[in-house]
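Work through the exercises below with the sequence and the model open. Each task is followed by its solution in steps.

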Amino acid sequence: MEKVLEVKGLGKQYVKGVYASRDVTFDIKKGEIFALIGPNGAGKTTTIRTIATLLKTTEGDALVSGHSILTEPEKVRECITYLPDEAGAYKNMTGRAYLEFMASIYAKDGQDVIDYVNRGVEICELGERLNDKISSYSRGMTRKLLLARAIMPKPDLAILDEPTSGLDILNALEIRRTIKKLAADGMSFLLSSHNMLEIEFVSDRVGIIAKGMLLETGTPEELVAKYEARNLEEVFEKVVKIREVL
Amino acid sequence: MKFFSLFKKELRDMLNAQTILTMVGIVAMLVIIGNIFSDSISESAKKSGDIVICDMDGTDFTKSVIKALKEDCEANDGSLEEVEIKSEDYAKELKRIDQKQVLIIPKGFTELAKEKHQTAKIRFVQRMTSLAMMSNLNTGSSTAFETFKNAVKNTIYQDKLAEDKMTPEEVKQLEDPVELEEITVVGNKQEEISSSVIMSICATQNMIVPIILFVLIMFASQMILNAISTEKIDKTLETLLSAPISRMTVLAAKTLSAAVVALLQAACFMFGSSRMMSGMTSGIGVDSDKFDQALKNLGLSLSAGQYVLVGVQMFLSILIALSIAMILGVLAKDAKSAQTLLMPITISTMIPYCLSMVSDISALPIALRAVVYAIPFSHTFMATENAMFQNTAVYIGGLIYQAVFLAVCIKIALSIFMSDKIFTMSIGGKKDKKKKKA
C-alpha cells in the first residue's frame with residue numbers, strides 16, 4: 001500500500017548531546033491511523049513538530065507523500081495539517097471567519113475555499129455559534145473548530161496532538177467517528193494521545209515512545225498479545241517499565 | 001487576613017524582576033536627562049552675563065558706554081569682550097572671531113544718541129546652531145540689550161549731570177535711548193530677524209516631527225510585538241507556521257500591516273497636531289509670510305529633497321523598531337512579559353526624544369554623545385535639525401549607521417524566525433509549572 005509518511009532515523013537535539021528524540025523510524029500508509037503514545041517528555045511532540053516542519057531535525061529524515069522535511073518543507077506543508085495540543089484560535093475572529101481565513105491559506109482557488117469552509121462547518125457542528133467571536137467559545141467548542149480546521153482541507157496526512165482533549169464524551173466520540181470515516185475515505189492520521197481507550201478505539205497501529213526512542217510499533221491487538229496484557233494501557237506500562245530496567 | 005494574603009500574592013505577582021528593572025530603567029533615564037539639563041542650564045546661566053561687543057563708532061561717548069557696560073557686567077559676574085568686525089558678512093565674521101553672538105555699535109551711533117538726542121540703533125548678531133530649548137537659553141538678545149540700554153542711560157546721565165542741564169528732548173530720549181536691530185546667522189546665511197522669534201516659530205513646527213516619530217515608533221513596535229507575542233501566547237503560531245505559507249510571508253505580512261496601521265495613526269496624529277499648532281500660531285497674530293521667507297532665506301525651511309531624506313530616516317527608524325520588536329515579541333512568554341519587553345524600545349526612544357527637544361545633542365559631552373548616537377532612533381530625531389543646520393557629516397553618518405543597524409536587526413530577526421528558536425526562546429513570565437510534554 002502507498003506510504004504517506006516514512007520516518008527514517010529521525011532525531012532531535014535541542015542541546016548538543018541531549019536527545020529529545022532519537023532514531024525514530026516508522027511509516028504510515030494511505031488511509032491508516034497511527035498513534036504515538038508515551039509518557040510526558042517522551043519525545044512525542046518533538047517528533048510530531050519535526051514532521052510538521054516546525055522544528056528542524058538534527059538526524060535522519062521523513063518523507064511526507066514523497067517530499068522530504070529536510071529539503072522540501074514547503075511541499076510537505078501542502079500535504080499536511082497540524083493540530084497542536086492546547087492550540088488556540090484568533091479570538092477576535094468569528095468561527096466562520098477563522099475557517100475562511102485558514103481555508104484561504106490551504107486552498108488553491110476560490111472554489112476550494114468554499115468547499116473547505118462548507119466541510120469545516122459540517123465537521124465542527126457549531127451551527128449559528130460560528131457567527132460569534134471565538135473569544136466567547138468554550139474550550140470544547142474551540143477544540144471542535146480547530147479540529148474542523150485541521151480536517152477540512154482533506155490533507156494527505158493530518159497530524160493531531162491530543163485531538164479530543166477538552167471535549168466531552170459525546171463530542172469526543174463524534175470526533176473519533178469522523179476520524180475513522182475520513183481514514184476510510186483515504187486520509188491518513190498521525191495522532192498523539194494520553195487516552196488509551198481512544199487510541200485502542202481509533203488507531204490502526206500504535207507506536208510506543210519513551211525517552212525519545214520508539215520502543216514498539218504494531219496494531220493494538222498485536223501488542224496486547226505480545227505483552228500478554230489485557231489492554232493497551234497495560235502494554236504501555238510494561239514497555240515503559242522494561243525500558244527503564246534496561 | 002484574607003485581604004492581606006491576597007494583597008501579598010498580587011504584590012508579589014506585580015512587583016517582579018521585570019517591573020523592578022523597568023522602574024530602575026526609568027529612574028536612570030530621568031536622572032541622566034536631568035543631569036544633562038542641569039549642565040546645559042548652568043552653562044547657559046554662567047554665560048548669560050557675558051557680552052561680546054564691537055564698537056564701530058569709536059567715539060569717547062561709546063567708550064564711556066562700554067566702560068559702564070563693563071562695570072555692569074562685572075557686577076553681575078559676567079565679562080565683556082571687545083572684538084573687531086571687519087565686514088557685514090556676519091556669518092564669516094562670527095566664525096573668524098569664534099563667537100556665537102556679538103553686539104555691534106554702528107557708525108553714527110554717537111551722533112544720533114548724544115548730539116541729535118534721537119533713538120539710536122544697535123545691532124545684535126547671533127549664530128544659531130540648534131533649535132533645542134536649552135541650547136538657546138543664552139541666545140536671547142534681551143539681556144545684552146537691556147544692559148547696553150542702561151549703560152547708555154547712565155553715560156548720558158553722567159554727562160548731563162556734569163553739564164548740569166537737560167532739555168525736554170533729552171529727558172524723552174532717556175526713556176528709550178536705544179533701538180535693537182537683530183540679525184540671526186545660520187550656517188553661512190544671515191537674516192534680519194530675532195533668534196527668539198525664529199525659536200518661537202520653529203518650536204511649534206519642530207515639535208510635531210519628534211512627537212510623530214515617537215508615536216510612530218511606539219505604535220509600530222507595540223503592534224508587531226503584540227502580533228508576534230499573541231501568536232505565541234495564544235498558541236496560534238504553530239498552526240500558522242505548519243500551514244502552506246512561508247515564514248517570510250508571515251513575517252512580511254505582519255510587518256507591513258503594523259507599519260500601515262502605525263502610519264495611519266501617525267497621519268491622524270499629524271493632522272490633529274498641525275490643526276492644533278496652526279490654531280496656536282494664528283492666535284498670536286504672527287506675520288507668517290514675512291517669517292516664512294526669513295526662515296527660507298536662513299535655510300531653516302526644509303526643501304523637498306530634505307523632506308525626502310528626513311522621511312527616509314523616519315522610515316529606517318520604523319523598520320529598526322519593527323525588527324527589534326519582532327525579536328522581543330518572540331521572547332515573550334505571557335502578556336505581562338510582552339508589555340515589559342517593550343521597555344528597551346520605549347527607553348531608547350524617550351532618551352533622544354527628550355534630548356532633541358531641549359538640548360543640542362551635538363554639543364553634549366563626548367561620552368554622552370556617543371551613547372546617544374549609538375541609539376539608532378537618535379539620528380532621526382536629529383535629522384530635521386541636521387538638515388537645517390547643514391550638519392551633513394552627522395546626517396550621512398547617522399543614515400549609514402541606521403542602515404547597518406537595520407541590516408543587523410533584520411538578520412537576527414530572520415535567523416530567529418526561520419529557526420527553532422521561535423518556539424524555544426522565551427524570557428520572563430511565570431515559569432511553566434507543567435512539565436513539557438515532549
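Two residues are in contact if their C-beta atoms, placed from the backbone, lie within 7 Å. Axes are lines fitted to C-alpha atoms, for helices over the stretch in contact, and angles run from 0 to 180 degrees between N-to-C directions. Helices (H or I, at least four residues) and strands (E, at least two) are DSSP runs, numbered from the N terminus.

This is a predicted model, in which local features need pLDDT of at least 70 and side-chain atom pairs count only at pLDDT 80 or more, while totals for chains, interfaces and linings use all residues. Residues are numbered from 1 along each chain as its sequence is written, and chains are lettered from A and ligands numbered from 1 in the order in which they are written.

**Exercise 1.** Find which strands of chain A helix α1 lies across, and place them in their sheet.

Step 1. Helix α1 (residues 44-51) of chain A lies across β3, β7 (157-161), β8 (188-192) and β9 of that chain, and runs at about 150° to β8(A).

Step 2. The open sheet in chain A has six strands, ordered β6-β7-β8-β3-β9-β10, with mixed pairing (two strands pair if DSSP finds at least two bridges between them).

Step 3. In chain A, β6 (80-83) and β10 (213-218) each have a single partner strand and stand at the edges, so one side of each has no neighbour in the sheet. From one strand to the next the twist averages 15°.

Step 4. Strands β3 (residues 33-37) and β9 (residues 205-210) of chain A are parallel partners over four bridges. A:I37 has A:I208 as its bridge partner in β9(A).

**Exercise 2.** Locate the largest nonpolar core relative to the domains of chain B.

Step 1. A nonpolar core is a set of buried (20 or more other C-beta atoms within 10 Å) Ala, Val, Leu, Ile, Met, Phe, Trp, Tyr and Cys residues joined through C-beta atoms within 7 Å.

Step 2. The largest has 96 residues, and B:I217, B:A220, B:I318 and B:L322 have the most contacts inside it. Helix α8 (residues 195-233) of chain B gives the most to this core, 16 residues.

Step 3. Domain 1 (46-192) and domain 2 (203-279 + 292-424) of chain B, with bounds from an automatic or database domain assignment, both give residues to this core, so it lies between them.

**Exercise 3.** Is B:S415 buried or exposed?

Step 1. B:S415 belongs to helix α18 (residues 392-417) of chain B.

Step 2. B:S415 has 11 other C-beta atoms within 10 Å, so it is exposed (12 or fewer).
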